[in-house]
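User: I'd like to learn how to read a fold like this one, step by step. Could you walk me through it?

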Amino acid sequence: MSLAMALTAAAAASMVAVSPAVSPPCPAVMVHATFAPAAQARDHKAVTYDTKLVPVSAKVVVVEFLGKPRHYEHEDGHEYEHGHDHGHQHMGDAARSTPTQSPSPQGTQSPQGKGQGTFVGVWVRGVKAHHTFGVHVHTKPCGTMPDDSGPHYQNTKDPKQPSVNPKYANPRNEVWLDLTTNGHGEGYAKAHVDWRFRDSEARSVVIHEHATATGKGHAGMAGTRVACVKVPFKG
Ligand SMILES: [Cu+2]
């Protein structure tokens, strides 16, 4: 299965069986790229700053869907509300594809209602095997230097930057897509948040050297930036 097909299938699997009024999912944004050396950032969508962790020629797919449905219709016609997920899941969860479902009385949907929020999925192949990468949506496009991609995108901006306060630097206020690769250097992560990006303020997905920290004083930190993908996220 190709990267794009696999990712689309995984994303679609978390959106299937919605009420017939909702049209089939169609990504708002989809970027499919091969990592190039950082010096070529101007002409390439994806660049690597650390070829040991993310070799040139490794591949990446990023998709964004607007308004991941909160409800799923079961075969018997009953509606089930999708429990609020915790922001990011690892490849194993995603590969099994069926979202957590819990029975819920009708009429108790979230204040946002159906179809709100943003779903982001990322898939990499050909990167370091058996490795956990911290991955986030950042505010600026990738450049020749790792810091060109700016800080993390935050729904509610932390007045104090760089933001290491767990109140702001968390997977509900930012988009975290940490992933752990398998033996073939392939990994997948998805995230859903209840809000939409502001226009032109979310421009890249940055891959960091290790998993994202959550503790006070270093929340959101994941080591150096090892690779970056330009993604023109829509709100
Ligand atoms: Cu980051």
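**Reading the sheet**

Analyst: Let's start with the strands of this predicted model. There are 9 of them in an open sheet with mixed pairing, ordered β9-β8-β11-β12-β2-β1-β3-β7-β10. At the edges sit β9 (179-180) and β10, each paired on one side only.

User: Which sense does the pairing of β1 and β3 have, and over how many bridges?

Analyst: Those two are antiparallel, over 6 bridges. As a register mark, V31 is opposite V62 in β3. Next along, β3 and β7 also run antiparallel, joined by 8 bridges, and there V60 faces V124 in β7. For the parallel case, look at β1 and β2, with 3 bridges between them; A36 has V47 of β2 as its bridge partner.

User: And how should I think about side chains on a strand?

Analyst: In a regular strand they alternate between the two faces of the sheet. Now take the core here.

User: Which residues touch the most other members of the largest nonpolar core?

Analyst: The core has 45 residues, and V60, V62, V122, L177, V205, A227 and V229 are the ones with the most contacts to other members. Several strands supply at least two core residues each, including β1 (29-37), β3 (59-66), β7 (118-125) and β12 (225-230). For a feel of one member, try V229: beyond its neighbours within four places in sequence, its contacts include V31, A33, V60, V62 and V205.

User: What about F133, buried or exposed?

Analyst: F133 belongs to strand β8. F133 counts as buried because it has 28 C-beta neighbours inside 10 Å, where 20 or more is the cut-off. Outside its neighbours within four places in sequence, F133 contacts D178, L179, I207 and H208. Also try F133 and T181: 48 residues apart in sequence, but 8.2 Å apart C-alpha to C-alpha.

User: What should I check in the backbone itself?

Analyst: Most residues other than glycine have a negative phi, and most peptide bonds are trans. Look for the exceptions. S57, in the loop between β2 and β3, has a positive phi of about 90° without being a glycine. H130, in the loop between β7 and β8, is another non-glycine with a positive phi, about 50°.

User: Why is S57 called exposed?

Analyst: Because S57 has 11 other C-beta atoms within 10 Å, and 12 or fewer counts as exposed. H130 is exposed too, again with 11.

User: Where is there a cis peptide bond?

Analyst: Go from Q161 to P162: that bond is cis, with omega near 0°. P162 lies in the loop between β8 and β9.

Notes:
Residues numbered from 1 in each chain as written. Predicted model: local features only at pLDDT ≥ 70, side-chain atom pairs only at ≥ 80, totals over all residues. Core = buried A, V, L, I, M, F, W, Y, C linked by C-beta atoms within 7 Å. Helix = DSSP H or I, 4+ residues; strand = E, 2+ residues; numbered from the N terminus. Contact = placed C-beta atoms within 7 Å. Pairing = 2+ DSSP bridges.
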